[in-house]
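Work through the exercises below with the sequence and the model at hand. Each task is followed by a solution in steps.

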Amino acid sequence: MIENLTAKLTETLSHFGIYGTIGEIFEGPLITDIQFQLNTGTKFSTVEKSIKDIAREIGVSGIRVAPVVNSTYISFEIPQPQAQTIPFAPILQSGEFRNADYALPILIGVNMHGKPIMKDLSKMPHLLVAGTTGSGKSVGLNSFILSLINKKRPDELKLILVDPKRIEFSMYNNQRYMLCPAVTDMSMAARWLEKLCDEMNARYAVFEKNMVRNIGEYLAKGNKMPYIVCVIDEFADLILFDKNVEKQVQILAQKSRAAGIHLVIATQRPSVDVITGVIKANLPTRLSYKVSSPVDSMTILNTDGAEDLLGRGDSLLLEENGTLTRALGAYVSNDDIMNQLLPYRCEMKDIDYSGIITGTQIQEQTAEYIAQQEKAKEDALNAGKPMGFTAKVKAWWNKLGKPMQRRIINIGIAFVMALISGKKSAKKGTLQTATDAAVKSAKRSVKTQAKNAITKAVLDSLNKK
Ligand SMILES: Nc1ncnc2c1ncn2[C@@H]1O[C@H](COP(=O)(O)OP(=O)(O)OP(=O)(O)O)[C@@H](O)[C@H]1O
Ligand SMILES: [Mg+2]
């Protein structure tokens, strides 16, 4: 089988005037990696240019060709006819994962030869993830979060999970790791980023007082302070909702590493209005799943190629030093999530905020957020029911909008004032008539006539005084 493929590749290459020698061959879960040494004088760019036609002749889609680092070989990554799924749980049991001695270990996936790729988020120090819909971003984010949870206790790690789609992270609610329930409301998400900035600044003040430079040194002195990881599943929703978010992400990305606060930001839309120059400059470590165009690949990785990935967790990791590694994400099932989380279930009120300097404020914001969520839930459940009188008045009042509400309140105040002073100056009669007129019109139409009549009554009574 492999022999057939190698022979076919060599023959096809010769059709394009490309000659050389076959080197090592690795059969991985997703692709077969055939290394090839070009004859001297043959340009790599010639192969690159013809790669789509070579793939067509071989009869496969999406061959990726890349130079092998520190070698004279290039590698042809040819998709397997049947891609394997890499289950998540066995990797957690593997020696590579168990022995990884990182502050914040995250599992990116396996390499083309099936070996786990572990990275230390504390060194990255943030991660930008992109990929078209269905490419495996959320599965990837779950694998990062679960690998962190597997290695860190709740007093060592706290999470803020932002999930505009509302369903991706709901399973993490009521976990000892959560600083607050998964944030599904965008205005709250922006406020959480502000809170993270506050916590970062507070941590620096504490470090200064303790004469340490970073969280590692602070922990080494026997102090307690959890790392905080903030994962945002759809960054486009957030930045397009509130442009200020870019500024907060910039501040955090630039300064929060030493304070032990890290961001993982994912987006379906790797366009320049979402991944702006500022964001790119501050998040040098990036992971791209399959994207829809070479332009998107350029935006996230500074090179094309991610558009040819095969989907289902197939990805390219760009590290700070510029190296590009292909990784296949492990598949995280709902059972994996449940099994990992089960021991850490708790009520939100039992969350331990010790070591979080701004813990009290965070707790307050969490309480506010929970109340807001409860109300939104209640409203959603009541959506189909017929409205009672109070609800109707409330809905009418809300529909008026802030400026009109303010005007009505002002008129009301003026009316009461006029009534009081009217009584004093014994002009009861006039006011009585005016009020009657107002009530009468109110019966006809609550909205407009009442307002006009009251305005008129107040003005009349004031004029007569
Ligand atoms: N590593 C993987 N191995 C196997 N299948 C995968 C993997 N990752 C994703 N898939 C498959 O692709 C589907 C979509 O994945 P996922 O929900 O992570 O996509 P997404 O990029 O988050 O999409 P969206 O942008 O729409 O949220 C999964 O339900 C699963 O069937
Ligand atoms: Mg998703």
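Domain bounds, as used here, come from an automatic or database domain assignment. The model is a predicted one.

**Exercise 1. State how the protein chain is divided into domains, and give the distance between the centres of domain 2 and domain 3.**

Solution. Step one is the division: domain 1 covers 2–79, domain 2 covers 88–381 and domain 3 covers 389–464. Step two is the distance: the centres of domain 2 and domain 3, taken over C-alpha atoms, are separated by 54 Å.

**Exercise 2. Set the radius of gyration of the protein chain against that of a compact globule of 465 residues.**

Solution. Start with the reference: a compact globule of 465 residues would have a radius of gyration near 23 Å. The protein chain has 31 Å instead. Next take the box along the principal axes, where the C-alpha atoms fill roughly 110 × 55 × 40 Å. For the secondary structure, count 17 helices and 13 strands in the protein chain.

**Exercise 3. Describe how helix α6 and helix α13 are placed, and which residues meet.**

Solution. Two packed helices are described by the angle between their axes and the distance between the axes. Helix α6 spans residues 186–209 and helix α13 spans residues 359–382. Their axes come within 11 Å and cross at roughly 175°. Angles over 145 degrees count as roughly antiparallel, and α6 and α13 are therefore roughly antiparallel to each other. On the α6 side, Met188, Arg191 and Lys195 take part; they meet Gln361, Ile362, Gln365 and Tyr369 in α13. By class, this contact of α6 with α13 has three nonpolar, two polar and two charged residues.

**Exercise 4. Characterise the surroundings of ligand 1.**

Solution. There are 15 residues around ligand 1, and Thr133, Gly136, Lys137, Ser138 and Gly313 come nearest. Sorted by class, the shell around ligand 1 has ten polar, three nonpolar and two charged residues.

**Exercise 5. Examine the backbone at proline 125 and at asparagine 70.**

Solution. Begin with the usual case: most residues other than glycine have a negative phi, and most peptide bonds are trans. The peptide bond from methionine 124 to proline 125 is cis, with omega near -15°. Proline 125 lies in the loop between β6 (116–120) and β7 (127–130). Asparagine 70 is not a glycine, yet has a positive phi of about 55°. Asparagine 70 is found in the loop between β3 (64–67) and β4 (74–79).

Definitions and conventions
Residues are numbered from 1 along each chain as its sequence is written. Chains are lettered from A and ligands numbered from 1 in the order in which they are written. This is a predicted model: local features need pLDDT of at least 70, side-chain atom pairs count only at pLDDT 80 or more; totals for chains, interfaces and linings use all residues. A residue is near a molecule or strand if its C-beta atom, placed from the backbone, lies within 6 Å of it. Ala, Val, Leu, Ile, Met, Phe, Trp, Tyr, Cys and Pro count as nonpolar, Asp, Glu, Lys and Arg as charged, and the others, Gly among them, as polar. Axes are lines fitted to C-alpha atoms, for helices over the stretch in contact, and angles run from 0 to 180 degrees between N-to-C directions. Helices (H or I, at least four residues) and strands (E, at least two) are DSSP runs, numbered from the N terminus. Angles under 35 degrees count as roughly parallel, over 145 as roughly antiparallel, 65 to 115 as roughly perpendicular and the rest as oblique. Two residues are in contact if their C-beta atoms, placed from the backbone, lie within 7 Å. The radius of gyration is taken over C-alpha atoms; the globule rule is 2.2 Å times the number of residues to the power 0.38.
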